[in-house]
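Student: Hey, got a minute to go through this one with me? I'd like to start with the cysteines.

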Amino acid sequence: MPKTTVQYVCQSCGASFRQWMGRCSTCQEWDSLQEESILPKAFDLKGLSKATHSIPVRFPDLSHEEVDRHPSGWFELDRVLGGGIVPGSLVLIGGEPGIGKSTLLLQVAETYTGKGHSVLYVSAEESLSQLKQRGKRLGVSSKELFFWAEGDLSRLEMIIEELSPGLILVDSIQMVYHPELESSPGSLIQVRGCSIRLMEIAKKSSIPIFLVGHVTKEGSLAGPKILEHLVDTVLYFEGEKALHYRILRTIKNRFGTVDEVGIFRMGEEGLEEVENPSELFLEEKPPGMSGSVIVSSLEGTRPLFLEVQALVCETKNSFPNRRSSGIDLNRLSLILAVLEKRARVGVDRADVFVNVAGGMKINEPAIDLGLAMAIASAAYGKAIEDGVVWIGEIGLGGEIRYVQGLERRITEARNLGFKRCMIPYHPKKNISLDGIELCPIRTLQEGLERVFP
Ligand code: TYD
Ligand code: MG
């Protein structure tokens, strides 16, 4: 057994200390320090990097290999991975319990075996009979898919050596443990130590490894954020459990761009890919309803079209109520202030509720204009014409600012059959496109005057 000493690790931010304290001096969380043993040398990440470069190399002498990629059989997964599964990569798939991570992995395992690779599914959480039951429901039948329902990493290493699979799925990293680490499964020390080991295995053997990581209520991966630095790619699987679709989002990717999204629908027989998500998100938009506007959100390289809804009513309290689902509350406050001050839409004594239909979360300034129009439409009780997309960021002066990827958004809007796009005015850029009418606008006031003369 290697010699270890103890340290105190904050379970909230991952900072470590020599002494116990009642409050973490890094993240200020109370009572979050837990005693853990210090990582033995064999699990130290520094050892990993030393092994590969012994002397510094001049830039022209650096060699570069094109990243090899294998299609997973799932277009939406390949998209978020940057074009397919990269050999030797370590991918973390985070998400709340019950969102569908195991379902996704099992289905990916089945299709990946269909591409001529064997797959090892390590289930440290569910028993073999539970896996069988789920597999039957999902139509899994491959003979090249192997299951192992234990969590001891030292034994897993032997199995990997023997089996040499084409892909390893570890469900979940919080339940895997290494007996040399004197800490319980799920503790920071185990999660970090096992991930480092798995990283070594992936790099040495060129076998890609997917880790499932449960996300705690606060939204951080338990075994906080430390895993994100370590792995090559971080994907989050999210969505409202009550609704049927799920979004797989790239948070970090050493082999591709971030903020890509893959969209799936969860049905009775597992997940299926959604080819045209905007149609799905807009299929329930009621025609002629006040407070409902279509906006465009650029998710990675793909523009999505979503319905933003607003409800405005006179407040009964001393402080008006502002609630938002899917849009940042700070953004909403800013838009309300600009509406009040610059465009004279009286919202300061009103309760305002906004919602992105379908449960999608948007974090993009290009939806500002649409959001402001939805609120104004709700405040006036007058609907805004259907078939129109509103694109533009709003500045504090009420001016409509240019947004990135405008051409791409407009082209996609036309392809989806929208008849008109309200876009930011730009003195030097004069965009036009056959098949869709473009209306450049300069200020929020101008936008409001067009619809509510
Ligand atoms: P699961 O993959 O176990 O979630 P996680 O691994 O992220 O904890 O998915 C669990 C949920 O998915 C469960 O509530 C049932 C639902 N589900 C379906 O709706 N259809 C299906 O075909 C399957 C397998 C699960
Ligand atoms: Mg699971």
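Student: So how many disulfides does the structure hold?

Tutor: Zero disulfides. Keep in mind that this is a predicted model.

Student: Why is Cys10 not bonded to Cys27?

Tutor: Because the two sulfurs are too far apart for a bond: Cys27 has the closest cysteine sulfur to that of Cys10, and the gap is 3.7 Å. A disulfide here needs the sulfur atoms within 2.5 Å.

Student: And what about Cys24, how far is the nearest cysteine sulfur?

Tutor: For Cys24 the nearest one also belongs to Cys27, 3.8 Å away, and Cys24 is in no disulfide.

Student: Is Cys10 buried or exposed? And Cys24?

Tutor: Cys10 is buried, at 0% relative accessible area. Cys24 counts as buried too, with 0% relative accessibility.

Student: OK, switching to the ligand. Which residues are closest to ligand 1?

Tutor: Gly98, Ser102, Thr103, Gly267 and Gly270 are the closest, out of 16 residues that surround ligand 1.

Student: Which elements supply at least two residues of that shell?

Tutor: Two helices and a strand: α3 (101–114), α4 (128–137) and β11 (261–267). The largest share comes from α3, with three residues.

Student: What polar atoms of Ser102, Gly100 and Ile99 sit by the ligand oxygens?

Tutor: Ser102 uses its side chain, with a polar atom 2.7 Å from an oxygen atom of ligand 1. Gly100 has a polar backbone atom 3.0 Å from a ligand oxygen. For Ile99 a backbone N or O atom lies 3.3 Å from an oxygen atom of ligand 1.

Student: How much of ligand 1 does the protein bury?

Tutor: The protein buries 75% of the 560 Å² that ligand 1 exposes when taken alone.

Student: Now the outside. Which residues form a nonpolar patch on the surface?

Tutor: Val57, Phe59 and Leu62 do, and together they have about 350 Å² of accessible area.

Student: Where is Val57, and is Val57 buried or exposed?

Tutor: Val57 sits in the loop between α1 (45–52) and α2 (75–81). Its relative accessible area is 52%, so Val57 is exposed, as the cut-off for that is over 50%.

Student: Last bit, the overall picture. How many helices and strands does the chain have?

Tutor: Twelve helices and 21 strands. The chain has 453 residues, and 49% of them count as buried. Along the principal axes, the C-alpha atoms fill a box of roughly 80 × 55 × 55 Å.

Notes. Residues numbered from 1 in each chain as written. Chains lettered and ligands numbered in written order. Predicted model: local features only at pLDDT ≥ 70, side-chain atom pairs only at ≥ 80, totals over all residues. Heavy atoms only, no water. Patch = residues over 30% accessible without salt bridge, like charges linked within 9 Å, V, L, I, M, F, W, Y side chains within 5 Å. Areas by Shrake-Rupley, 256 points an atom, 1.4 Å probe, with all protein chains shown as cover. Salt bridge = Lys/Arg side-chain N within 4 Å of Asp/Glu carboxyl O. Helix = DSSP H or I, 4+ residues; strand = E, 2+ residues; numbered from the N terminus. Buried < 20%, exposed > 50% of the residue type's maximum accessible area, 1.4 Å probe, protein only. Near = heavy atom within 4 Å. Polar contact = N/O pair within 3.5 Å; in protein donor to acceptor, adjacent residues only side chain to side chain.
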